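Biologist: Got a minute to go through this one with me? I'd like to start with the charged pairs and then wander a bit.

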Amino acid sequence: MSFQSVFRTKGLGGPTVAHHTSEILVVPATGPVSKWTQKLEKLSALPSRLAPEALEQFKRLAARETEAAPFKALSLNFNDGSSLQIVFVSPKISTFELHTGLRKSLEGCFASSDEGARNLVLNLKSLDAKLSARVVPALAALSEMAGWKPVSYGKKAQEAQKSAAKMQARELHWLSSLAPKALETTVHQGTAMGRANNLIRTL
């Protein structure tokens, strides 16, 4: 499973991300989770999908989150197979907690072959530069590691090649407060880290 990164500075637009797109919205964990209900429509890159039913679903999920934690993740699933993952990250989170939380909550998004996850919007516009510099490479690395599989041989290798050939191109649309060049550099650093981890797992 591989992605092509697309770096955007003015939000989303055009047919590229109109369908088959899921969103990962990362926000700073500052205060109760429930306070973000009114902000979802403003923060989401695809607000048209946030119908009243979706917002009510988020309210119900958020109401259960009464304790503070360095990492929390809530998920809204839509009828077309796409989803909105809302991830709350504390500015004081440790590196171990960050990588563990992202892997447990989002690995399936990157590894999924569902049509609704063909493209992913990684929306980090709500994070300041310091927290973005930690979250961006962690997500980029995860995008590489999530699809890793052991080397196969014989018939299994042929089946894997056929499956890969059928996969349509997948894109990661990055939205961040980081300067475009800094964002691109940080993503490439995370991608390299993920590929290095995959190489170690393969050896």
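Biologist: How many salt bridges does a search of the whole structure find?
Modeller: Two, and bear in mind that this is a predicted model. The search covered the whole structure.

Biologist: Which residue does R195 form a salt bridge with?
Modeller: R195 pairs with E144, and their closest N and O atoms are 3.5 Å apart. R195 lies in helix 6 and E144 in helix 4, so the pair ties together parts that are 51 residues apart in sequence.

Biologist: And is E144 buried or exposed?
Modeller: E144 is buried, with a relative accessible area of 13%. R195 is exposed, at 51%.

Biologist: OK, what does E56 form a salt bridge with?
Modeller: With K59, where the closest N and O atoms are 3.6 Å apart. Both residues lie in helix 2 (residues 52-63), three residues apart, which is about one turn of the helix. E56 is partly exposed at 39% relative accessible area, and K59 is partly exposed at 38%.

Biologist: Back to helix 6. What does M193 touch, leaving out residues up to four places away in sequence?
Modeller: H99, P137 and A141. M193 sits in helix 6, which runs over residues 180-202. The C-alpha atoms of M193 and L142 are separated by 9.2 Å, and those two are 51 residues apart along the chain.

Biologist: Why does M193 count as partly exposed?
Modeller: Because its relative accessibility is 36%, and partly exposed covers the range between the 20% and 50% cut-offs.

Biologist: Now helix 4. Where does the side chain of S143 reach?
Modeller: It reaches the backbone oxygen of A140, at 2.6 Å. S143 lies in helix 4 (residues 129-145) and counts as buried, at 5% relative accessibility. Leaving out residues up to four places away in sequence, S143 touches F3, F110 and L172.

Biologist: F110 is in helix 3, right? Which residues of helix 3 are buried?
Modeller: Yes, F110 is on that list, along with L98, T100, G101, L102, L106 and C109. The buried residues of helix 3 pack against helix 4 and five strands: strand 2 (21-28), strand 3 (71-77), strand 4 (83-89), strand 5 (119-124) and strand 6 (171-176).

Biologist: Where is the kink in helix 3 centred?
Modeller: On S105, and the kink is about 50°. As for length, the 17 residues of helix 3 (residues 95-111) should span 24 Å at 1.5 Å a residue, and the end C-alpha atoms are 22 Å apart, which agrees.

Biologist: Switching to strand 6. How many of its residues are buried?
Modeller: Six of six, so strand 6 is mostly covered, going by the under 20% cut-off. E171, H173 and L175 point one way, while L172, W174 and S176 point the other way.

Biologist: Why do the side chains alternate?
Modeller: Because in a regular strand the side chains alternate between the two faces of the sheet.

Biologist: In what sense do strand 5 and strand 6 pair?
Modeller: Parallel, over six bridges. L120 stands opposite L172 in strand 6.

Biologist: And strand 3 with strand 4, parallel or antiparallel?
Modeller: Antiparallel, over seven bridges. In that pairing F71 stands opposite V89 in strand 4.

Biologist: What phi does G81 take in the hairpin?
Modeller: A positive one, near 95°. That hairpin of strand 3 and strand 4 has five residues between the strands.

Notes:
Residues numbered from 1 in each chain as written. Predicted model: local features only at pLDDT ≥ 70, side-chain atom pairs only at ≥ 80, totals over all residues. Heavy atoms only, no water. Helix = DSSP H or I, 4+ residues; strand = E, 2+ residues; numbered from the N terminus. Buried < 20%, exposed > 50% of the residue type's maximum accessible area, 1.4 Å probe, protein only. Contact = heavy atoms within 4.5 Å. Polar contact = N/O pair within 3.5 Å; in protein donor to acceptor, adjacent residues only side chain to side chain. Expected span 1.5 Å × (residues − 1). Bend = angle between axes of the 7 residues up to and from the residue. Pairing = 2+ DSSP bridges. Salt bridge = Lys/Arg side-chain N within 4 Å of Asp/Glu carboxyl O.
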